[in-house]
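Grab a pencil and work through a few exercises on a protein model. Try each task yourself before you read its solution.

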Amino acid sequence: MPRRSPSWRRFAAICACTGAVAWGTAGASEPPPRCGPHVAGLYVYAPFYEEEPERRGLDLDMLQELQRRSGCELRSVVESRLRIWDQMRRGVLQLTLSSVITPERREVAEIHPYLQARFQLVMRGSATAGVASLADFEARPGLRLLGVRGYAYGPTFGAWAQRLRAQGRLVEASDFHGAVRMFRAGRADGLIAAPSAVPDVQAAFEGTAPVRVLDPVP
């Protein structure tokens, strides 16, 4: 484990409930630098972070509270999940929030859980009638799944999505808002979403086509 600067250790100790903190390096003999600036990667996904009609969300609240409590200078940039984790690996970003824990992410970051959640499967259209499990969905070759590039969905959903990818049945969007638009347009029959985001998916249909939520991993 690379040694971290006194400034970074002070910050990391305070952010015990944030998300992922990238490893930093510094010589032990260096004088203590000022705390920051540290750059955090945010991604647009309600209710964690939204930019319209204004900047808001749990991740933004957490970042502002971290800055207040630590006295560190924290800056934020908005990127896709794929770019966020690439920049975490390269040291461009120092932290991110609301991340699913995976072995690969543990290799490049110190991860502190602060929220426990699960993913659900949102389905649309008559073709999904009678689908009551992930296995049912997978057993119907005509059904396609929508996901977001760079998202980690946990062991059950992740392995299932990879199987559908191998079958050519996984459609991916660059961000969640794009995935919702593609879902509404009929590009796929199922969409992986956190429970907190399901109302946004339902609202996108404006009552024109009811969607059904499956909770296969409660």
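Below are five exercises, each with a worked solution.

A word on the ground rules first. This is a predicted model, in which local features need pLDDT of at least 70, side-chain atom pairs count only at pLDDT 80 or more, and totals for chains, interfaces and linings use all residues. Residues are numbered from 1 along each chain as its sequence is written, and side-chain values use heavy atoms, with hydrogens and water left out.

**Exercise 1. Confidence**

Find the elements with the lowest and the highest mean pLDDT in the protein chain.

Step 1: Start with the whole chain. pLDDT is the predictor's confidence in each residue, from 0 to 100. The mean for the protein chain is 85, and 85% of its residues reach 70 or more.

Step 2: Go to the elements. Helices (H or I, at least four residues) and strands (E, at least two) are DSSP runs, numbered from the N terminus. The chain has eight helices and 10 strands. Helix α1 (residues 6-14) has the lowest mean pLDDT, 40, while helix α5 (residues 134-138) has the highest, 97.

Step 3: Check the start of the chain. Residues 1-18 have pLDDT below 50, yet beyond near neighbours in sequence this stretch has 51 contacts in the model; contact means heavy atoms within 4.5 Å. Where pLDDT is low, the predicted coordinates should not be read in detail.

**Exercise 2. Strand β7 and its partners**

Work out which residues of β7 are buried, and in which sense β7 pairs with β8.

Step 1: Look at both faces of β7 (residues 145-148). Leu145 and Gly147 on one side are buried, and so are Leu146 and Val148 on the other. Buried means under 20% relative accessible area, exposed over 50%, partly exposed in between (1.4 Å probe, protein chains only).

Step 2: Pair the strands. Two strands pair if DSSP finds at least two bridges between them. Strand β8 (residues 170-173) runs parallel to β7, with four bridges, and Gly147 sits opposite Glu172 in β8.

Step 3: Follow the chain from β7 through helix α6 (residues 154-166) to β8: this β-α-β crossover is right-handed. That is, with the strands pointing away from the viewer, the path from the first strand over the helix to the second runs clockwise.

**Exercise 3. Strand β9**

Say which strands pair with β9, and in which sense.

Step 1: Take β7. It pairs in the parallel sense with β9 (residues 190-193) over two bridges. Leu145 has Gly190 as its bridge partner, and Leu146 stands opposite Leu191.

Step 2: Take β6. Four bridges join β6 to β9, and these two strands run antiparallel. Here Leu121 is opposite Ile192 in β9.

Step 3: Check the cover on β9. Gly190 and Ile192 are buried on one side, Leu191 and Ala193 on the other.

**Exercise 4. Helix α8 and Val122**

Why do the buried residues of α8 lie on the same side of the helix?

Step 1: List the buried residues. In α8 (residues 198-205), Val198, Val201 and Phe205 are buried. They cover an arc of only 60 degrees around the axis, so they end up on the same side of α8; the arc is that of the directions from the helix axis to the C-beta atoms. An α-helix has 3.6 residues a turn, so residues three or four places apart point the same way.

Step 2: See what they pack against: β6 (120-124), α7 (176-184), β9 and β10 (211-214).

Step 3: Zoom in on Val122, which lies in strand β6. Val122 is buried because its relative accessibility is 0%. Leaving aside neighbours within four places in sequence, its contacts include Val198 and Val201, along with Phe183, Leu191 and Val213.

**Exercise 5. Backbone oddities**

Find the prolines that follow a cis peptide bond, then look at the phi of Ser98.

Step 1: A cis peptide bond joins Ala46 and Pro47, with omega about 0 degrees. Another joins Glu52 and Pro53, also with omega about 0 degrees.

Step 2: Place them. Pro47 lies in the loop between β2 (38-42) and α2 (58-70), and Pro53 is in the loop between β2 and α2 too.

Step 3: Turn to Ser98. Though not a glycine, Ser98 has a positive phi of about 50 degrees. It lies in the loop between β4 (95-97) and α4 (103-106), and Ser98 counts as buried because its relative accessible area is 15%.
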